[in-house]
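Please look at the model shown here. A reader and an author then discuss part of it.

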Amino acid sequence: MERIAEEQQVSLPPLDDSLSLHETGFDSLAFAILVARLEDDLGIDPFTISEDAAFPLTVGDFVRAYENVPA
Amino acid sequence: MSPREIFALRDYLSPELKGRTISDPTATVSLTDALSQSCLGGRVRELSGRSVLLSVSTQLIAALAMIELDGVVKRMLLCPPDLNPDHIQALIESAEIDAVVTDEPPRWTHSGIYLIAGAHLPVERLLTKLKTERATEWLMLTSGTSGVPKIVRHTLEGLCGAIVAERPGRGAPPAWATFYDIRRYGGLQIFLRAILGGGSMVLSAPGEPLADYVARLSAQSVTHISGTPSHWRRLLMSGAAAGFAPRYVRLSGEIADQAVLDGLKQAFPSSSVGHAYASTEAGVGFAVNDGFEGFPAHLIGPNRDGVEMKVVDGSLRIRSKRAATAYIGNGAAALTDTDGFVDTGDMVELRGDRYYFVGRRGGIINIGGLKVHPEEIEAIINRHPDVRMSRAKSRKSPITGAIVVADVVLTESGAGRTREVRDEILADCRSNLASHKVPAVIRFVEALDVTPAGKLVRSDA
């Protein structure tokens, strides 16, 4: 996330689970980039696999979306 | 009534020009003696006035058959080697084909076509020379469509319009070669240049490795050569260009960006490097020889050598004596608008006193509702010194619908430093492109697919 923040010239606040994604300063494009690169690294995209995946609100939600992908 | 004098290919083949040849790895055939030899076993007279499908397995036989058939048959439909066999029947019906010239006659026994003429090498001696009887219609197929290709009708006069206008320079006639197939518009232009220019031509054989072809080009002192930017990038990547020193290097068929022009100038310091704009429908529009991408804005507007260009809604429109005369077939669309302009579908942008090609109208990718031409992104990526070629495309994103991703082929020098190169490319993209056009993901790949017509494969276009 820090790498993308630097590329997108976003100043990232300290990350913790309760930080809302809105407050990260990431726009939808930055998230799209993050999701795509995570998919390349991890081979999964939890937001596409699950049709009813609620879009995460906080950094913690976002991380859990990846943790909860059925193997 | 005296009809205008009709010229056919044979009328450019004078027995007085000695030493002219056309060759592939298997055979070398004299062009000097072209008028007194036949690859059709002398059966060409039976084909007089017929609508002929030319379906042969090598460019060399195709070339010799074109020389024999032009001016004798009513029309000839040139089948490129990658033609999908499933489309042949539809093409035969649309073009009202009633004869086939082939080097594999058994394949056509059950085709329902009455007249099958076998073409073969070596050529045989003709006892009486053929006469030009008519202006044969040249039918070519469009490339790049996934369905049945469209049939485009040209005249030899239109096909040769740009060649006549360029007025070849003095000195020894050029020896031509091309990475295109001569049964496609770009390749046919080069074959015609060889015939009209009084020189020789070196053709590739099906499946011939690039390095072998280039070695033959060097050995036979080829001076003039053309291909698409993708062809040229592939050559630069192969390392096979070393030792080859053509006088003239020509690009067409895709956008020639500054990176590929500079790369060729570097690889061939003693060559002049030019790029030409042409399409199967609109014919040759113009050639640019100043070494820069794009073209001078003053080419738009006035009629030069029978070519008139305008830009409407961002796309280049051409009215030209070199354009095709029609699409052929039942229910075929009109080739031009009511004023006679062909809409090329190639999008251009005016910056300063030059127009730049930005992409195909049909190739636009949609990124979160914003339109992006992949070519404009590739042009930025390609100018990185460690990049050989690239392809931008869209990838589905659960967040924005789609994002831009880029596949990049590096030069040898870039291969060891992918992380730095990625950062440099992204920095360059960010300072020159709107944020939605900056690739979200850059993937380094060994190679990119190129179509049989020499163009980058754009599966999402």
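The following exchange concerns one sheet and the helices around it.

Reader: How should the model and its numbering be read?

Author: This is a predicted model, in which local features need pLDDT of at least 70 and side-chain atom pairs count only at pLDDT 80 or more, whereas totals for chains, interfaces and linings use all residues. Residues are numbered from 1 along each chain as its sequence is written, while chains are lettered from A and ligands numbered from 1 in the order in which they are written.

Reader: Which strands stand at the edges of the open sheet of chain B, and why is one side of each without a neighbour?

Author: Strands are DSSP runs of E with at least two residues, helices are runs of H or I with at least four, and both are numbered from the N terminus. Two strands pair if DSSP finds at least two bridges between them. The sheet has 3 strands in the order β25-β26-β27 (chain B), with mixed pairing. Each edge strand has a single partner strand, so one side is left without a neighbour in the sheet; these strands are β25 (387–397) and β27 (441–444) of chain B.

Reader: In which sense do β26(B) and β27(B) pair?

Author: Strand β26 of chain B covers residues 401–410. B:V408 has B:F444 of β27(B) opposite. Over 4 bridges, the sense of the pairing is parallel.

Reader: At what angle do α6(B) and α7(B) pack?

Author: Axes are lines fitted to C-alpha atoms, for helices over the stretch in contact, and angles run from 0 to 180 degrees between N-to-C directions. Helix α6 of chain B spans residues 210–219, and its axis lies 11 Å from that of α7(B). The packing angle is about 90°.
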